[in-house]
Amino acid sequence: GWRLEFSGGFSPEPTLWLGRKRGGVSLEAGNLNAPSEGEAVSEVFALAEYHPGGRRGFFAGIGAGWSRYGNNDAAWFDREGDGWGAEVSAGHLWPVARRWGVAPVLSYSAGRIAARAAELPDLDYAALALSVRVVAY
């Protein structure tokens, strides 16, 4: 699937970044010709990243927050639900202009989502993603 996220935050000191992200992973693409297709996990996480080299070099991060599973299939509507999730990430930040940088990032997120219907089992999810961030600082 595809992953898309937006994040924002601040640096109380050059080696620490605190923020929040809103994003998700598509597990099955939606289809206008087949409305029952399409499912995804969306996440809202608080994040902390440690940048030992300041605005350049390797960094590592952790995060935790709320996850939500959704799908477009009316037969599986009761399977939708919410739950907690967590993330770990690592990357490398390269400055490319005076106040801009690019960072390839490898992240792993996982969580447990409780189904709306009590008789259905909880949904465990895990996602490994390689992404590229454009960073303004």
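W84 is exposed, with a relative accessible area of 61%, and this residue offers a convenient way into the structure, which is a predicted model.

W84 takes part in the one aromatic pair that the structure holds. Its partner is W66, and the two rings meet edge-to-face, with 5.0 Å from centre to centre and 90° between their planes; the arrangement counts as edge-to-face because planes over 60 degrees apart are classed that way. The pair links distant parts of the chain, since W66 lies in strand β4 (residues 57–71) and W84 in strand β5 (residues 81–97), 18 residues apart. W66, at 38% relative accessibility, counts as partly exposed, because that class covers values between 20% and 50%.

The two residues of the pair are set out below.

| Residue | Relative accessible area | Class |
|---|---|---|
| W66 | 38% | partly exposed |
| W84 | 61% | exposed |

The strands that carry these residues belong to an open sheet of seven strands, which follow the order β1-β2-β3-β4-β5-β6-β7 with antiparallel pairing. At the edges of this sheet stand β1 (3–13) and β7 (123–136), each of which has a single partner strand, so that one side of each is left without a neighbour in the sheet. From one strand to the next, the twist averages 20°.

Turning to the contact between β6 and β7, strand β6 (residues 100–115) runs antiparallel to β7, and 14 bridges join the two. A position that can be picked out on the model is P104, which stands opposite V132 in β7.

Notes
Residues are numbered from 1 along each chain as its sequence is written. This is a predicted model: local features need pLDDT of at least 70, side-chain atom pairs count only at pLDDT 80 or more; totals for chains, interfaces and linings use all residues. Side-chain values use heavy atoms; hydrogens and water are left out. Rings of Phe, Tyr and Trp (its six-membered ring) pair if their centres lie within 6.5 Å; planes under 30 degrees apart count as stacked, over 60 as edge-to-face and the rest as tilted. Helices (H or I, at least four residues) and strands (E, at least two) are DSSP runs, numbered from the N terminus. Buried means under 20% relative accessible area, exposed over 50%, partly exposed in between (1.4 Å probe, protein chains only). Two strands pair if DSSP finds at least two bridges between them. Axes are lines fitted to C-alpha atoms, for helices over the stretch in contact, and angles run from 0 to 180 degrees between N-to-C directions.
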